[in-house]
Amino acid sequence: MVFEPPKRLVRALGETAPDGDDWLEKLPEAAQQAVALRELTVERVQVPGGRSSLVVLVRTADGTPAVLKLAPGRARPEAERAALAHWGGRGAVQLLEPFSAEGVLLLERLHPDVSVRSLPEAKALLEAAGTLRRLWVEPPADFPFETVAERTGRQAEAMRARAQADPEVAPLVRLALAAREELLAAPPEHRLLHGTFRQSKVLSGERMPWLAVGPDPVVGECAFDLARLVRDRVEDLIAQPSGAATTRRRIKRLAESLDVDQERLRGWTLFRAVESGVRAGRVGRPRDAELLLEFAGWL
């Protein structure tokens, strides 16, 4: 079988490595080797698939359904492996192979086409929040993960540079950076976080009704993780005349349901929305940038 990367993956990797690299060129051969080494039977490549990895639906030698995932180093697949091993299937997809070649993960098969996003909005938020709560555990000793301070520090540098080049975004960037500084001064807890949690990252399973996939793990306060969920279905929020009020109610409801400080959740929601909007503008996705920055302006 020829392992052709989906267009979505090619486009997304082009955004994160605009000068290109050789990972995509080597991907078909690497996938063939990973399949042969594990004696897997390939069913199909998942399309449209993810933005940072090739996802292949396979069966193991004994017929067990599984997922083979291959990701470049910049997607931090070894951090994902470490987080999934630490969770041990509690709230997240299980590793079927704790140790393997770098950048290759063999995972429990969920239902790849059925995410929490398929539910009505209120029910989707409830189920997603319940899944996220199970992931917030003490990180392992000597954890191999970035901290929220480290990750947002890199992002803050890119935001400052963009604000200098585009004065229109400068006021929101200043607000977001000020919020970050205040939030980092006294974090209330340090937990292992999913890092990129949203409704589409929660899939239907057999072992449990809903399980999280695709973490980009980070260690920090829970409000940082929850902030990405606040803006889920942002295009629908923007289209509503009452979008700003709905957003404020969502922050309040999520904060209360997960015992997170409401103002800290609002602050991290602001920072993450501005960071994503600035990044979208930088890589040539002006519509996404417009939506995200309008959303951020409500906060």
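Is Asp142 buried or exposed? Asp142 counts as exposed, because its relative accessibility is 79% and the exposed class begins over 50%. The points below concern a predicted model.

1. Asp142. This residue sits in the loop that runs between helix 4 (121-135) and strand 6 (146-147). Its phi is near 50 degrees, which is a positive value in a residue other than glycine. Most residues other than glycine have a negative phi, and most peptide bonds are trans.

2. Asp259. A positive phi of about 55 degrees is found here too, and Asp259 is not a glycine. The residue belongs to the loop between helix 9 (243-257) and helix 10 (262-282). Asp259 counts as exposed because its relative accessibility is 67%.

3. Val47 and Pro48. The peptide bond that joins Val47 and Pro48 is cis, with omega at about 10 degrees. Pro48 is part of the loop between strand 1 (41-45) and strand 2 (54-59).

4. Gln46. The loop between strand 1 and strand 2 also holds Gln46. With a relative accessible area of 8%, Gln46 is buried, because that value is under 20%. Beyond residues up to four places away in sequence, Gln46 touches Pro6, Val55, Leu57, Pro112 and Asp113. The C-alpha atoms of Gln46 and Val56 are 5.7 Å apart, while the two residues are ten residues apart in sequence.

5. Arg250. This arginine is in helix 9. Its relative accessible area is 1%, so Arg250 is buried. Setting aside neighbours within four places in sequence, its contacts are Glu121, Leu125, Leu229, Val230, Arg231, Asp232 and Leu237.

6. Nonpolar cores. The largest nonpolar core has 72 residues, and within it Leu226, Leu265 and Val274 touch the most other members. Leu226 is in contact with Leu132, Trp136, Leu254, Ala255, Leu258, Val260 and Leu265, when neighbours within four places in sequence are left out. Another core, of 18 residues, lies apart from the largest one; Leu9, Leu13, Val56 and Leu68 are among its members. In soluble globular proteins, nonpolar side chains tend to be buried together.

7. Helix 1 and helix 2. Helix 1 (residues 7-16) packs against helix 2 (residues 23-38) at an angle of about 145 degrees, and the axes are 12 Å apart. On the helix 1 side the contact is made by Leu9, Val10 and Leu13, which meet Trp23, Leu24 and Leu27 of helix 2. By class, the residues of this contact are six nonpolar, no polar and no charged. Leu9 and Leu13 of this contact are also among the members of the core of 18 residues.

8. Helix 5 and helix 6. The angle between helix 5 (residues 148-165) and helix 6 (residues 170-185) is about 160 degrees, with the axes 10 Å apart. Helix 5 is therefore roughly antiparallel to helix 6, since angles over 145 degrees count as such. The crossing of helix 5 with helix 6 is left-handed. Helix 5 contributes Val148, Ala149, Thr152, Gly153, Ala156, Met159, Arg160 and Ala163, and these meet Ala170, Val173, Ala176, Leu177, Arg180 and Leu184 in helix 6. The residues of this contact comprise ten nonpolar, two polar and two charged.

Terms used:
Residues are numbered from 1 along each chain as its sequence is written. This is a predicted model: local features need pLDDT of at least 70, side-chain atom pairs count only at pLDDT 80 or more; totals for chains, interfaces and linings use all residues. Side-chain values use heavy atoms; hydrogens and water are left out. A nonpolar core is a set of buried Ala, Val, Leu, Ile, Met, Phe, Trp, Tyr and Cys residues joined through side-chain atoms within 4.5 Å. Buried means under 20% relative accessible area, exposed over 50%, partly exposed in between (1.4 Å probe, protein chains only). Contact means heavy atoms within 4.5 Å. Axes are lines fitted to C-alpha atoms, for helices over the stretch in contact, and angles run from 0 to 180 degrees between N-to-C directions. Helices (H or I, at least four residues) and strands (E, at least two) are DSSP runs, numbered from the N terminus. Angles under 35 degrees count as roughly parallel, over 145 as roughly antiparallel, 65 to 115 as roughly perpendicular and the rest as oblique. A crossing is left-handed if the near helix is turned anticlockwise from the far one by less than a right angle, and right-handed if clockwise. Ala, Val, Leu, Ile, Met, Phe, Trp, Tyr, Cys and Pro count as nonpolar, Asp, Glu, Lys and Arg as charged, and the others, Gly among them, as polar.
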